[in-house]
Amino acid sequence: MKIIKLTDESFYDACTRLAIEINKFNPEVIIGIETGGAEVARAVLESLAEKCHFATIKIQRKSTNTIKSKGIVRALIKRLPEFIVRILRMYEMTASEIKAK
């Protein structure tokens with residue numbers, strides 16, 4: 001998995017390109033996940049040729065509340081160099097995929 005850091009401008013450019021691909025399916029609704037994808041969904045919605053319904057949902061992994069309740073972990077992660085945080089994200093995604101199988 002490649003992690004790319006986007007500026008505001010490149011973020012909206014990427015969302016516009018995504019909207020072009022999504023337009024091919026003529027969506028009736030766009031759903032954004034509040035803690036991860038709602039901003040992307042809103043930006044895509046603005047770029048769609050045909051406007052459609054929009055909704056957000058909030059979902060979390062079971063472990064999210066446990067991690068958030070441990071303030072020391074959150075404080076530590078905020079202080080880590082970005083490349084280490086990226087490695088942790090990739091590990092988390094890989095572990096989640098293996099667990100889902």
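Is Arg86 buried, partly exposed or exposed, and what is its relative accessible area? Arg86 is partly exposed, with a relative accessible area of 26%, where buried means under 20%, exposed over 50% and partly exposed in between (1.4 Å probe, protein chains only).

The model is predicted, so that local features need pLDDT of at least 70 and side-chain atom pairs count only at pLDDT 80 or more, while totals for chains, interfaces and linings use all residues. Residues are numbered from 1 along each chain as its sequence is written, and side-chain values use heavy atoms, with hydrogens and water left out.

**View 1. Arg86 and Glu82 form a salt bridge in helix 5.** Their closest N and O atoms are 2.9 Å apart, a salt bridge being a side-chain nitrogen of Lys or Arg within 4 Å of a carboxyl oxygen of Asp or Glu. The two residues lie 4 apart in helix 5, separated by about one helical turn; helices (H or I, at least four residues) and strands (E, at least two) are DSSP runs, numbered from the N terminus.

**View 2. Lys5 also forms a salt bridge with Glu82.** The closest N and O atoms of this pair are 3.2 Å apart, and the pair links distant parts of the chain, with Lys5 in the segment before helix 1 (8–23) and Glu82 in helix 5 (residues 82–100), 77 residues apart. Lys5 is exposed at 62% relative accessible area, whereas Glu82 is partly exposed at 39%. Lys5, Glu82 and Arg86 are linked in a network of salt bridges.

**View 3. Glu21 and Lys24 meet in a salt bridge.** The N to O distance is 2.9 Å; Glu21 is partly exposed at 41%, and Lys24 is exposed at 57%.
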